[in-house]
Amino acid sequence: MATGLPVLICRPGERAAALAAAIEAAGFPVANLDAMALEALPEEPAMRQAWLDFDHFHKVVVVSPFAAECLYQALDRYWPQLPLGTAWYAVGAATADTLHERFGARVHLPPAAAGEDTSEALLELASLRSLEGQRVLLVAGEGGREMLSDTLQARGARVTRVALYRRRLRPPPPDLQQRLVRGEYRALVVSSGELLEHLARWCTKATLNQPLIVSSRRLATLADDLGFRTPVVAPGATPAALAGAVAAACDQEDADVDQDDLEKG
């Protein structure tokens, strides 16, 4: 079992276990800040209409694994067999995996050349560049960025955005709050701008000097703005990508410490 200072993660829901397992397999103990809960929203008339009209949509864009799970639970009540011809899109690999597992769908992902799983990268796909006359169902959580919806509409799509869940922020447990304040951890892993801004209230100089692993260049820019010394951009938000970035960042930190010791010796 890995020992020593933990890597702090703050992935909500069931996906936290897979991330923790990947980081532990790389040799690092893990503690979950548990700073966000995901809550499915009750069905409203607009949602029900979207499900009844599901066969009218040319494309379905799903932004997160929890959105994909909520969509499956909703559609299962109305469509025992899904209509043919729907083009499925996912912002990230984990979302695509959930859609494939639940619906058997072939899912379009951000192009590999983009180097990350983000809404911006997904919009680089050729099949999303010209959408005149097409109906697009965008499945997401409550709130969040409007960039994806706005861009699809600007490209000619008739977008129906359905929010299936809400994100509820909460303070980390007191002992982990203190770890954040004192910088007593190996690395911090964050794949959400909302969570990064939430955690910033417990960040001190010690926190900002510790390795921060993020899942996109957009988050790295936000981290820079918040004062983090050297955010490391993982090649995606999958457990393997984040765990690999943790290992690389911690190895670099260890090398820096060793070099400092040599210079002092």
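Visitor: Leaving aside neighbours within four places in sequence, which residues is H198 in contact with?

Guide: Contact means heavy atoms within 4.5 Å. By that rule H198 is in contact with A35, L169, R170 and P171. This is a predicted model: local features need pLDDT of at least 70, side-chain atom pairs count only at pLDDT 80 or more, and totals for chains, interfaces and linings use all residues. Residues are numbered from 1 along each chain as its sequence is written, and side-chain values use heavy atoms, with hydrogens and water left out.

Visitor: Is H198 buried or exposed?

Guide: Buried means under 20% relative accessible area, exposed over 50%, partly exposed in between (1.4 Å probe, protein chains only). H198 has a relative accessible area of 5%, so the residue is buried.

Visitor: How are the strands of the open sheet ordered?

Guide: Strands of a sheet pair through backbone hydrogen bonds, either parallel or antiparallel. Strands (E, at least two residues) and helices (H or I, at least four) are DSSP runs, numbered from the N terminus; two strands pair if DSSP finds at least two bridges between them. Here five strands run in the order β6-β5-β4-β7-β8, with parallel pairing. β6 (107-108) and β8 (158-163) are the edge strands, each pairing on one side only. Six bridges join β7 (residues 135-140) to β8, and A140 has A163 in β8 as its bridge partner.

Visitor: How many disulfides are there?

Guide: A disulfide is a pair of cysteine sulfur atoms within 2.5 Å. The count is zero. The closest cysteine sulfur to that of C203 is in C10, 10 Å away, which is too far for a bond.
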